[in-house]
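Here are my notes for a first reading of this structure. Please keep the 3D view open and look up each residue as it comes up.

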Amino acid sequence: MSNTALYFVLTALPLMILMIWSANRIRTAAEFYAAGREYGGLRNGLAITGDYLSAASLLGITGLILFSGYSGLLYAVGFFSGWPIILILLADKLRTIGHFTLADVLKSRFSDPRIVLVATLGYFPVVVIYLSAQLVAMTWLLNYIFGVKYEIVLAGLTGVALVTALTGRMIFSSRAQMIKAGLVMTLMLSMTLLAFDRASSSLSELFSIDIWFASNPPVNGAVSEDSPLALFSLGIALILGPVGLPHVMSRFFSVADERRARMSVFYATGMIGIFYILIILLGFLTVHLLGQPEASVTAAGSNLVLVRLAELIGGEFLAAVLVAILVVVLFSVMTSLILTGSSAFSHDWYARTVIGGSKRWNERHLHRLASSVTVVFAASLALLWQTENVANLVGLAFAFSASVNVPLLLGALYCDRLTSAGALSGGLAGLSATLIAVITGPLIWGNLSGSGESFFSWRHPALFSLSVAVLVMWFVSRWYHPSRREGDSDK
């Protein structure tokens, strides 16, 4: 065993034991779906921060900044910008209507149960793509430590994820997410200080565009090759996407009152904002310290740039500690995604709309089946997208969220004229448009064709699919008037 692998095991094993030990025992439905309601705003804000700090933030953005320069900042700004929207638009509204998830909001607003099914179907690609990004990141990190082939590591991680799915519970609790957030923030602050000391540069020199152009970046950067309209579409997905993330929203619903909900988002916004500032600093420090981006190209693409920076400034030990913390972080996010994604089917749709709360035995089995299907689909996409930057993958998940879940949620809360028929038609239209654009786009059709050419040129189709969803909602609600409005306005 190499020194790096030894350092990794000595760091990751105690962290994993600590995280599992800190997990709460799940005894009730509230604890199962929303982790209980005993936490205040600060602690729940820490838990939300721990849920949100994923592979895209830690690994993807630094690589994008090295390869695309200032264009890579779009991801850092976009990932953070969704939180003020949650704070301004949703903090009070959601707490007065929902208990656990978006489905509760829709069920309280519309009497047609098919709308909850549409929201559930909208959750599925969000969770699958988001989970595939975590699997891609974990696989390359373990490949870096142990030198095992990507496919073998991915198969092992898929097996672990399936075990998590079949056990039917989230391994890491809110307390564990708080520990994770503290570890990540401490690590990133330490790396920023060490890299600053190594670079010996001022802030003005750090962000000098001349230094970035001096590294002669390749013209096919993941962001810089997109058109301005495609970048605008990406920005819409990044800004609106966090509003509809199921594993984040379940944390938001888990506090006891409106004040704690607002404070949870307030603390989470502050901590996540600090985190992204550190990520931006680290991204431009990689430009100074790693130099030519071509030298950073490996089989992992740009996903291990941050690990290479840690190895440069702190040697094998810091690189191993970074990988160990990232693996634990990614694994905890993976368990949260599996739980919330499968509960969208078993709890939100099946138990709440199909059987009305009876036959819990069947609900548990549906939960495990949905978890297993989610893991299998995510692993398949992780195999297809193994060289893609993980920030791009999470941006794609946000496109589904912004095109299906967000218009349904905002329409239910703020548009009194939105009818059940309009919500149902708009949700289906947004989901269909996003699926068609993604399947015929560069990430699927381009990879499968081998030539890189695709019918739909944008990587992130949120502008197109969200426009389709909103227009269909408006048109159907405006012109389709059944004899009975199904009690929409009354609810």
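1. Is E388 buried or exposed? With a relative accessible area of 11%, E388 is buried, and please bear in mind throughout that this is a predicted model. The cut-off for calling a residue buried is under 20% relative accessible area, which is why E388 falls into that class.

2. The partner of E388 deserves a look as well, for its side chain meets that of R459 in a salt bridge, with 3.2 Å from N to O. This pair links distant parts of the chain, since R459 lies in the loop between α19 (442–449) and α20 (462–479), whereas E388 lies in the loop between α16 (360–384) and α17 (390–414), 71 residues apart. R459 counts as buried too, at 16% relative accessibility.

3. The count of salt bridges comes to two, and R114 and D112 form one of them, their side chains meeting at 2.8 Å from N to O. D112 has a relative accessibility of 9% and therefore counts as buried.

4. As for the chain overall, it has 20 helices and zero strands, and buried residues make up 59% of its 491 residues. Among the contacts with a separation of 6 or more, 86% are between residues 24 or more positions apart. The accessible surface of the chain comes to about 18800 Å², and carbon and sulfur atoms account for 66% of it.

5. Helix α6 (residues 102–109) is a good place to see burial within a helix, as six of its eight residues are buried; the buried residues are L102, A103, D104, V105, L106 and R109.

6. On the surface, L42, F266 and Y267 make a nonpolar patch of about 290 Å². L42 belongs to helix α3 (residues 41–52) and is partly exposed, with a relative accessible area of 45%.

7. R260, which is found in helix α14 (residues 258–290), is likewise partly exposed, with a relative accessible area of 29%. Although R260 and N44 are 216 residues apart along the chain, their C-alpha atoms are separated by 8.5 Å.

8. Finally, the aromatic rings are worth tracing, since the structure holds twelve aromatic pairs, and Y75, F79, Y130, F275, Y276 and F398 form one aromatic cluster. A ring also takes part in another kind of arrangement at W479, where the charged end of R478 sits over the ring, 4.5 Å from its centre.

Conventions
Residues are numbered from 1 along each chain as its sequence is written. This is a predicted model: local features need pLDDT of at least 70, side-chain atom pairs count only at pLDDT 80 or more; totals for chains, interfaces and linings use all residues. Side-chain values use heavy atoms; hydrogens and water are left out. Rings of Phe, Tyr and Trp (its six-membered ring) pair if their centres lie within 6.5 Å; planes under 30 degrees apart count as stacked, over 60 as edge-to-face and the rest as tilted. A charge sits over a ring if NZ of Lys or CZ of Arg is within 6 Å of the ring centre and within 35 degrees of the ring normal. Helices (H or I, at least four residues) and strands (E, at least two) are DSSP runs, numbered from the N terminus. Buried means under 20% relative accessible area, exposed over 50%, partly exposed in between (1.4 Å probe, protein chains only). Contact means heavy atoms within 4.5 Å. Accessible areas come from the Shrake-Rupley method with a 1.4 Å probe; for residues, only the protein chains shown count as cover. Patches are made of residues with over 30% relative accessible area and no salt bridge: like charges are joined within 9 Å, nonpolar side chains (Val, Leu, Ile, Met, Phe, Trp, Tyr) within 5 Å. A salt bridge is a side-chain nitrogen of Lys or Arg within 4 Å of a carboxyl oxygen of Asp or Glu.
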